[in-house]
Amino acid sequence: MIDLLVAGGGPAGLATAIHAALAGLDVVVVEPRPAPIDKACGEGLMPGAVRALAALDVALTGHPIYGIRYLDDRYRAEGRFRHGAGMGVRRTVLHAALSRRAAELGVPTLQRKVTAVHQDGDSVTAAGLTARYLVAADGLHSPIRRQLGLERTDPRPPRHGLRRHFAVAPWTDCVEVHWSALGEAYVTPLGPDLIGVAILTGERMPFDALLPAFPALLHHLASQAASAVRGAGPMRRRVRARVAGRVLLVGDAAGYIDALTGEGISLSLTGAAHLVRCVRAGRPQEYEQAWRRATLNHHLLTGALVRIRASPLLAPRIVPLASRAPALFTALVNRLA
């Protein structure tokens, strides 16, 4: 019998499959879309994510990133990474690298879709396959999570993300976060002549209509668009539990606060490692607590920043305060990195 059936072949699912294969488990991935899969995201990997991928022997190419820079129309704050560089990596490049590593380890990826999940005390069946455990790595809008009744409603206004690439040489070795009343624009160096721009906002507006809210950024772009606009959201996903019988949730399916601090891939990699460790030890129920411990910093810091961002009184003070307390800003950047 299959030890681990992974529903979803994105970064979280493939990282889980790689960890499982390295741990000696029999693992199969099911994913209806052909690789590589693109997605609207900031495409910046924190140093911790770069180290985690290197530990899995996932070979990446991209642009080094050495810190995070916040900017508004008057102020600027910069925090440099103290323990290695991050990396700007196209989402398709990241996905292709994870797919190659999984294939090297002999992990089968079947082009199937999970429509229903059935489980008993000994096994779980989905997509015509039966396994000891099922991993729901099926993303932000996880159908498996909904089917199991693990969704929780959130009364707060939703935020969405929009991403586009520009054929522009990077002018910084940091991820720049431009702040305005409409949201945040993330600029990630991806190559010698390519950057990615991701805008997070609560407004329902087209990408080009949002750009004028970031005049310092617009000045650099010169209309050199190199890709179509992709969208994602609503961002926040509250989840009752990460374990439901023999089904375990990982990645965005396990819950999501916001892309504000750029930790999505790092959290997915960490979650995948803990999930496989708990399954291999025969104690899958311990994954819930392991996930909560591993994401505690993220929930405290990102949650607090999102709440401040939502305050009309406090939001305009984020960048000025960061610029006046550079040591604190750098410490927070490295705590998240």
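Strand 15 and strand 16 make a hairpin, with two residues between them. Strands here, like helices, are DSSP runs numbered from the N terminus, with at least two residues (E) for a strand and at least four (H or I) for a helix. What you're looking at is a predicted model, where local features need pLDDT of at least 70 and side-chain atom pairs count only at pLDDT 80 or more, while totals for chains, interfaces and linings use all residues. Residues are numbered from 1 along each chain as its sequence is written, and side-chain values use heavy atoms, leaving out hydrogens and water.

Back to that hairpin. Strand 16 covers residues 194–201, and eight bridges join it to strand 15 in an antiparallel arrangement. Two strands are said to pair if DSSP finds at least two bridges between them. If you want one pair to click on, glutamate 184 has leucine 200 in strand 16 as its bridge partner. Strand 15 also makes a hairpin with strand 14, again with two residues between them. Strand 14 spans residues 175–180, and its antiparallel pairing with strand 15 runs over five bridges. Here, valine 177 has tyrosine 186 of strand 15 as its bridge partner.

How many of the nine residues of strand 15 are buried? Nine of the nine, from 183 to 191, so strand 15 is largely enclosed by the rest of the structure. Buried means under 20% relative accessible area, exposed means over 50%, and partly exposed is what falls in between, using a 1.4 Å probe and protein chains only.

Over in strand 16, take a look at alanine 198. Alanine 198 is buried too, at a relative accessible area of 9%. Setting aside neighbours within four places in sequence, alanine 198 has contacts that include Glu184, Ala185 and Tyr186, and also Cys41, Gly42, Leu162 and Arg163. Contact means heavy atoms within 4.5 Å. Arginine 100, on the other hand, is 98 residues away along the chain, and its C-alpha atom is separated from that of alanine 198 by 27 Å.

Now for another sheet. Strands 3, 7 and 4 form an open sheet in the order 3-7-4, with antiparallel pairing. Strand 3 (44–45) and strand 4 (63–65) stand at the edges with a single partner strand each, so one side of each is left without a neighbour in the sheet. Strand 4 pairs with strand 7 (residues 86–88) over three bridges, in the antiparallel sense. One pair to find is isoleucine 65 with its bridge partner in strand 7, glycine 86.

The loop between strand 2 (27–30) and strand 3 has some backbone details to check. Proline 36 lies in this loop, and the peptide bond leading to proline 36 from alanine 35 is cis, with omega near -5°. Glutamate 43 lies in the loop between strand 2 and strand 3 as well. Glutamate 43 has a positive phi of about 65° although it is not a glycine, and at 5% relative accessibility this glutamate 43 counts as buried.

Both features turn up elsewhere. A cis peptide bond joins glycine 233 and proline 234, with omega about -5°; proline 234 is in the loop between strand 17 (230–232) and strand 18 (238–239). Alanine 127 has a positive phi of about 55° although it is not a glycine. You'll find alanine 127 in the loop between strand 10 (124–126) and strand 11 (129–136), and at 18% relative accessibility alanine 127 counts as buried.

On to the helices. Which residues of helix 11 (residues 326–336) are buried? They are Phe329, Thr330, Val333, Asn334 and Leu336. These cover an arc of only 160° around the axis (taken from the directions from the helix axis to the C-beta atoms), which puts them on the same side of helix 11. That buried set packs against strand 5 (67–71), strand 6 (76–80), helix 9 and helix 10. Ala327, Leu328 and Arg335, on the other side of helix 11, are exposed.

Finally, leucine 314 sits in the loop between helix 9 (296–309) and helix 10 (318–324). Leucine 314 is partly exposed, with a relative accessible area of 37%.
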